[in-house]
Amino acid sequence: MTFTSAIMWLPSRFSFKFSVSALRRGVPPSYPHVVRRGGCNTAAFMPEAAGFEGVSGRAALQEFSVSNSEDFWAAVARHRLSWMQPFHTVQDCDLSRGRIKWFQGGMLNVSVNCLDRQVHIRPERVALIWERDERGSEVRYTYRELLEMTCRVGNLLKRHGVRKGDCVTIYMPTCPLAVASMLACARIGAAHNVVFAGFSADALAERIRDAQSSIVITMNQGVRGGKVTELKKTVDTAVQSCPTVRHVFVAMRTETLVPMTDRDVLMDEEMLKEDVVCEPAAMNSEDVLFLLYTSGSTGKPKGLVHTQAGYLLYAALTQRYVFSYHDGDVFGCVADIGWITGHSYIVYGPLANGATTVLFESTPVYPDPGRYWETVERLKINQFYGAPTAIRLLLKYGDQWVNKYDRSSLKTLGSVGEPINTEAWEWYHRVVGEGRCPVVDTWWQTETGGICIAPKPSEPDEEIVPGMAMRPFFGIKPVLMDTEGKVLTANNTSGALCIAQPWPGMARTIHNNHERFIETYCQPYPGYFFTGDGAYRSPKGYYQITGRLDDVINVSGHRIGTAEIEDVVNQCSAVAESAVIGYSHDIKGQGIYAFVVLKKNMKIKEEDLYKQLNSVVSEKIAKYACPDFILLVKRLPKTRSGKIMRRVLRKVVESDLDSLGDLSTLDDPAAVQEIIEGHSKISMK
Ligand code: 6R9
């Protein structure tokens, strides 16, 4: 066993080399001179609109994008992506069968689109600002430096046997090397599988095995909120049950030495030996770009698959138009790259548009609750994109933490991950944005690839209603369904939210399980994509998301299936069975409440049981999945067919006893009374 030496990969400010052959193939975007044919400012707003006959105004453009979807997406794809070979078919989709193909015949390389074409025109523009956990120690990487770093990682991956079509697992917090690793995979034609660095060894191992990765990229340690996490140690445990893993690349975030084995590769050191040129692979539009695991309503997470051209185009277009991003702006999405928000709005969308994108490594309250706004002032962030849970938390600390800092650079404020309540929305708008920045509540999912419903784009003077996602993006046709599967056409109505036609950014399948993809998204409402969310459409036709319709909880914007937690809780030797539900939580949006039935004659102190359950959940899944409340009960309310009635449990916890509904189908209605009594002893404050 050897020990790592401590070096950190920082940009080298010399040697100007990049892949010339890539540039020859990848044509930088060229916008035709704006012709004022499609209405006064429409073509200035979106150059492609010049070619859309009779389209004037943004509402008309949205309408055109839905009713002439192929023309719209073909024009946008030709203009905004650099192709090695043009596509011959815009789309070949059949939602009822789960067949989704866009831009077939086309060949491109995503990393060329994100890097080389910028390097060609503005090599010294800053691509990344790494806002490290240690306040005031940010590091900037130009497009040239990011391309160089990406090429080195690409070559290193190739040297370790990664080939086109393989899948590399990345277990890293938000940092430049994580971005370079994602882009390096794209460059050499491998898929990436980024696993949120807060996941446990078991959760990581399950994802590595499902993705069949031979390489895992990680760091010695992570640093967040002043605390150190042992990432390498977690990977060491995980790979013990992952026979496919041949090498673990270890980058150095701290100077702490970690044990290394023959399997491990010192990433920073080995990268130095690699060339800064790496030939980009020519990829088909529908080759896999990445897998990203997310929770569904069963115990096993789903590896959603996104492909090259459609995903990139959709991420880029939404980043540009939802946030009114303009050339030269600094885009600050404070998500983690382990989630889809990080993929689309830290990495792919902003880089494809040539933006300067912020990598935020810290937390909203470290070292104090002014951290976001101090960062906005120092980095001069123009678009700030965050989560309602953080906004609610900061609101409680008071306005002074915001007012201390100059936020005049801010132009647009975004929200994502869960519904944003009116109070939080108003505070975000009034205090953070000084009432002058539009707040965009953006609704979308891992499955949709990018934002589908948001207040913008719309005409500059059009209203924005607090707490509403409101308007469908270009190419998106939302519909609401009633319980019989019929489309609800009226306004001022609620239903299951579906999307009526395919769009380029949507996920193509679930890795290794196309059947599950069809069952989950295509079969509930044949011919439509089912989102799993409920929504309300206002009298004016605006959409408001009301929450999940399935057994998925959203804790601080992190999705977790009730079944996933129950699976783990049930593994405790004392537990006979359990039922987990989400309940409304002030800060986190939803909290986790577990009802637990012990095995007969089991003697265990309640305190010990709680400790055991919490440690097993954080060990098997992640800390954020630990229950906030655990209630020991003798039995769970069940139907005669044995289904746990979580609906009843939810009503009890919401103290909504008048709407418990018909309990006559319960196997043992007395179980409910016992639960009501038990719950009344728990203080939920
Ligand atoms: C991007 C992302 C998706 C689920 C989604 C919904 C909830 C996301 C929301 C929202 C209300 C919003 N959600 N944005 N609910 N308003 N603006 O979060 O992806 O992690 O896959 O979660 O999050 O329930 O179905 P993902």
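**View 1. Glu434 in a loop of the predicted model, ahead of strand β22.** Here we're in the loop that runs between α16 (422-432) and β22, which is where Glu434 sits. This is a predicted model, and the backbone at Glu434 catches the eye: its phi is near 50°, a positive value in a residue other than glycine. The strand on the other side of this loop, β22, covers 439-442 and turns up again around the ligand, supplying at least two residues of its shell.

**View 2. The shell around the ligand.** Zooming in on the ligand, we find 17 residues around it. Asp441, Thr446, Asp533, Arg548 and Arg559 are the closest. Sorted by class, the shell is made up of six nonpolar, six polar and five charged residues. Among the elements that each bring at least two residues to the shell are helix α12 (340-352) and strand β28 (543-548).

**View 3. Polar side chains at ligand oxygens.** Now for the atoms themselves. Arg548 has a side-chain N or O atom 2.7 Å from an oxygen atom of the ligand. For Arg559, a polar side-chain atom likewise lies 2.7 Å from a ligand oxygen. Gln445 joins in too, with a polar side-chain atom 2.9 Å from an oxygen atom of the ligand. How much of the ligand's accessible area does the protein cover? Of the 530 Å² that the ligand has on its own, 96% is covered.

**View 4. Cis peptide bonds ahead of Pro367 and Pro457.** Two loops are shown here, each with a proline to look at. Tyr366 and Pro367 are joined by a cis peptide bond, with omega at about -5°. Pro367 belongs to the loop between β19 (356-360) and α13 (371-379). The other cis bond runs from Lys456 to Pro457, and its omega is near 5°. For Pro457, the setting is the loop between β22 and β23 (478-481).

**View 5. A salt bridge between helices α5 and α7.** Side chains of opposite charge can pair when their charged atoms come close. The pair in this view is Asp116 and Arg187, whose closest N and O atoms are 3.0 Å apart in a salt bridge. Asp116 is in helix α5 (residues 110-121) and Arg187 in helix α7 (residues 176-188), so the bridge links distant parts of the chain, 71 residues apart. The whole structure holds 47 salt bridges.

**View 6. The N-terminal annotation and the domains.** An unreviewed UniProt entry lists residues 60-114 as "domain: Acetyl-coenzyme A synthetase N-terminal". In the model, that span is 45% helix and 15% strand, and its end C-alpha atoms lie 30 Å apart. The domain division gives domain 1 (42-97), domain 2 (99-362 + 443-537) and domain 3 (556-684). Measuring between C-alpha centres, domain 1 and domain 3 are separated by 48 Å.

Technical notes: Residues are numbered from 1 along each chain as its sequence is written. This is a predicted model: local features need pLDDT of at least 70, side-chain atom pairs count only at pLDDT 80 or more; totals for chains, interfaces and linings use all residues. Side-chain values use heavy atoms; hydrogens and water are left out. A residue is near a molecule or strand if one of its heavy atoms lies within 4 Å of it. A polar contact is a pair of N or O atoms within 3.5 Å; within protein, one must be able to donate a hydrogen and the other to accept it, and residues adjacent in sequence count only if both atoms are side-chain atoms. Accessible areas come from the Shrake-Rupley method with a 1.4 Å probe; for residues, only the protein chains shown count as cover. Helices (H or I, at least four residues) and strands (E, at least two) are DSSP runs, numbered from the N terminus. Ala, Val, Leu, Ile, Met, Phe, Trp, Tyr, Cys and Pro count as nonpolar, Asp, Glu, Lys and Arg as charged, and the others, Gly among them, as polar. UniProt positions are given in the numbering used here, feature names are shortened, and annotations may be inferred rather than shown by experiment. Domain bounds come from an automatic or database domain assignment. A salt bridge is a side-chain nitrogen of Lys or Arg within 4 Å of a carboxyl oxygen of Asp or Glu.
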